[in-house]
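These are my notebook entries on one structure. I set down what I looked up, topic by topic.

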Amino acid sequence: MSVQVTTFKFGESTLANQRYLDFERRLKGIPGAEAVLVSVVSSDAVRKAYPNYFLDTQVFVRLIREATKTLRPPPRPSRGPPDTRQLDLFK
């Protein structure tokens, strides 16, 4: 597995788009290969914006933890036969 990076100046957007399309055509038949065209201020910004391309799961795990902090279990039904009650996944 490898990563190839080609940089372009801001004024070279037409050339960057042409090269991107060329890479997409070349990679079309290669399973798992991807061509990606991004515009950022610095290379550090690429890592922050696209952590999955760098196999960085820390951001994903942090976001999931933050999102699930406020979850509360659903209210338990007070009546009804046992077969109609909800499964309690928050025990």
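Entry 1, confidence. I began with pLDDT, as this is a predicted model. The mean pLDDT of the protein chain is 77, and 74% of its residues reach 70 or more. I then looked at the elements one by one: α1 has the highest mean pLDDT, 94, while helix α3, residues 58-68, has the lowest, 76. I note as a caution that predicted coordinates should not be read in detail where pLDDT is low.

Entry 2, secondary structure. I looked up the elements and found three helices and zero strands in the protein chain. Read from the N terminus, the order is α-α-α.

Entry 3, burial and contacts. How much of the protein chain is buried? I found that buried residues account for 5% of its 91 residues. For the accessible surface I recorded about 8,900 Å², with 56% of this belonging to carbon and sulfur atoms. I also looked at contacts between residues at least 6 apart in sequence; of these, 0% join residues at least 24 apart.

Entry 4, the largest pocket. I recorded a volume of about 1,700 Å³ for the largest pocket. Which elements give two or more residues to its lining? I found α1, residues 13-27, and α2, residues 43-49. The largest share comes from α1, with seven residues. The lining has 38 residues in total, and those nearest the pocket centre are Val3, Gln4, Val5, Val36 and Val38. I sorted the lining by class and obtained 21 nonpolar, eleven polar and six charged residues.

Entry 5, valine 3. I returned to valine 3, one of the residues nearest the centre of the largest pocket. I located valine 3 in the segment before α1. Is valine 3 buried or exposed? Its relative accessibility is 69%, so I entered valine 3 as exposed, the cut-off being over 50%. I also checked its separation from glutamate 34: the two residues are 31 apart in sequence, and their C-alpha atoms are 9.7 Å apart in space.

Entry 6, serine 39. Where is serine 39 placed? I found serine 39 in the loop between α1 and α2. Serine 39 has a relative accessible area of 72% and therefore counts as exposed. For serine 39 and phenylalanine 8 I recorded a C-alpha to C-alpha distance of 9.3 Å, at a sequence separation of 31 residues.

Terms used
Residues are numbered from 1 along each chain as its sequence is written. This is a predicted model: local features need pLDDT of at least 70, side-chain atom pairs count only at pLDDT 80 or more; totals for chains, interfaces and linings use all residues. Side-chain values use heavy atoms; hydrogens and water are left out. On a 1 Å grid over the protein atoms alone, a cavity is a set of points where a 1.4 Å probe fits but cannot get out, and a pocket is an open set with protein on both sides within 12 Å along at least five of seven lines; lining residues have an atom within 4 Å of a point. Grid points are joined across faces, edges and corners, and a volume is the space filled by probe spheres set on the points. Helices (H or I, at least four residues) and strands (E, at least two) are DSSP runs, numbered from the N terminus. Ala, Val, Leu, Ile, Met, Phe, Trp, Tyr, Cys and Pro count as nonpolar, Asp, Glu, Lys and Arg as charged, and the others, Gly among them, as polar. Buried means under 20% relative accessible area, exposed over 50%, partly exposed in between (1.4 Å probe, protein chains only). Contact means heavy atoms within 4.5 Å. Accessible areas come from the Shrake-Rupley method with a 1.4 Å probe; for residues, only the protein chains shown count as cover. pLDDT is the predictor's confidence in each residue, from 0 to 100.
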